[in-house]
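Hi everyone, thanks for making time for this. I'd like to walk you through a structure that may be new to you, with an eye on its empty spaces. Please have a look at it first, and then we'll go on.

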Amino acid sequence: MIDVKEYLKDKLAKGTVHFTLLDPDPAKLDVESAKVIAKRMQDAGTDAFMIGGSTGVTTENLGAIAVAVREATGLPTIYFPSDVHAISDEVDVMLFMSIVNSSNPKFITHYQAKAAPYIKMLNIPTIPMAYIVVEPGMTVGRVSEAKLIPRDDIEGAVGFALAAQMMGMQLVYLEAGSGADRPVPPEMIETVKMNIDVPLIVGGGIRTPEAAAAAREAGADIIVTGTFVEQCSDDTLLKAVVKAAKGI
Ligand code: 1GP
């Protein structure tokens, strides 16, 4: 298994990192397509694969996609959890996340308390991460009962990010929601980044080289693309988005 913390430290020291998000819900992705997409994304220059989705994730489909990605690329597999019942030791690391602006304590600490003993038993490495859902929030905003951060409430986003860092979170994720029509505003990324010391992940609605470059220039350390990767069959465009995200 890859030591993802070390891998990331190394990559982040060299510049902005790109993560490909794969949704293991079999209604959206099968194992064979996952191998093909993973290889294409590796060729496009992606650094790692996040695996997760808001619905339909099970231990079995999560594990199967992690194995497929590992076999196809050898790149890190990172579980981006959604369901306390779906936990697989086939991933290299799990983002142990709290949806810090949820209005339901289940998503802040209660599900985590249910999952933690099981994660310990399986000996899965974890990285503590604060997940902050910004408008429009999409499915994850709805499912997690997030009190969405308005797009112009930069101070609100900074408050959550800083509080999370003070609580010991090692990553902060600003999420506009998968498939969002607008990504997180660059001004919000910039101000949050200025206020925290831990790496900042940004995702949701990034599907053009311009949007990826804007997130990187605003200060995102890690840029995530999911929907775009699922939908784009143009390898040149895939490469252009990854390059813009990484600034290469
Ligand atoms: C969702 O931020 C990720 O959690 C990716 O969003 O699917 O819009 O790229 P997209």
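Let's begin with the largest pocket: 35 residues line it, and those that lie nearest its centre are Gly53, Ser54, Pro81, Ser82 and Val140. Please keep in mind throughout that this is a predicted model. The space in this largest pocket comes to about 740 Å³.

Which elements give two or more residues to the lining of the largest pocket? They are strand 1, residues 17-22, and strand 4, residues 93-99, along with helix 4 at 105-122, helix 5 at 138-143, and helix 9. Of these, helix 4 gives the most, with five residues. As for the character of that lining, 18 of its residues are nonpolar, eleven are polar and six are charged.

While we are at helix 4, follow the chain into the loop between helix 4 and strand 5, and you will find asparagine 123 there. Asparagine 123 is not a glycine, and yet its phi is positive, at about 60°. Carry on to the loop between strand 5, residues 126-133, and helix 5, and you reach proline 136. The peptide bond that leads from glutamate 135 into proline 136 is cis, with an omega near 10°.

Now for the second largest pocket, which holds about 170 Å³ of space. Its lining is made of Val4, Lys5, Leu8, Lys9, Leu12, Ile127, Gln170, Leu171 and Pro199. Helix 1, which covers residues 4-14, gives the most here, with five residues. By type, this lining has six nonpolar residues, one polar and two charged.

So much for the pockets; let's turn to the cavity. How many cavities of 30 Å³ or more are there? The count comes to one. Its volume is about 120 Å³. There are 14 residues in the lining of this largest cavity, and Ser178, Gly204, Gly205, Gly226 and Thr227 lie nearest its centre. Strand 6 (171-175), strand 8 (222-225) and helix 9 (227-231) each give two or more residues to that lining. You may remember helix 9 from earlier, as it is also among the elements that give two or more residues to the lining of the largest pocket. The cavity lining divides into five nonpolar residues, seven polar ones and two charged ones.

And what takes up the space of the largest cavity? That is where the ligand is. Around the ligand there are 14 residues, and the closest are Glu175, Ser178, Gly179, Gly205 and Thr227. This shell is made up of four nonpolar residues, nine polar and one charged.

Let me point out three polar contacts with oxygen atoms of the ligand. In the side chain of threonine 227, an N or O atom is 2.5 Å from a ligand oxygen. At glycine 226, a polar backbone atom is 2.7 Å from an oxygen of the ligand. And tyrosine 173 has a polar side-chain atom 2.8 Å from a ligand oxygen. On its own the ligand has 310 Å² of accessible area, and the protein covers 97% of that.

If you take one picture away with you, let it be the ligand in the largest cavity, with Thr227 among the residues closest to the ligand. Thanks for listening, and I'm happy to go back to any part of this.

Terms used:
Residues are numbered from 1 along each chain as its sequence is written. This is a predicted model: local features need pLDDT of at least 70, side-chain atom pairs count only at pLDDT 80 or more; totals for chains, interfaces and linings use all residues. Side-chain values use heavy atoms; hydrogens and water are left out. A residue is near a molecule or strand if one of its heavy atoms lies within 4 Å of it. A polar contact is a pair of N or O atoms within 3.5 Å; within protein, one must be able to donate a hydrogen and the other to accept it, and residues adjacent in sequence count only if both atoms are side-chain atoms. Accessible areas come from the Shrake-Rupley method with a 1.4 Å probe; for residues, only the protein chains shown count as cover. On a 1 Å grid over the protein atoms alone, a cavity is a set of points where a 1.4 Å probe fits but cannot get out, and a pocket is an open set with protein on both sides within 12 Å along at least five of seven lines; lining residues have an atom within 4 Å of a point. A molecule sits in a cavity or pocket if more than half of its atoms lie within 2 Å of its grid points. Ala, Val, Leu, Ile, Met, Phe, Trp, Tyr, Cys and Pro count as nonpolar, Asp, Glu, Lys and Arg as charged, and the others, Gly among them, as polar. Grid points are joined across faces, edges and corners, and a volume is the space filled by probe spheres set on the points. Helices (H or I, at least four residues) and strands (E, at least two) are DSSP runs, numbered from the N terminus.
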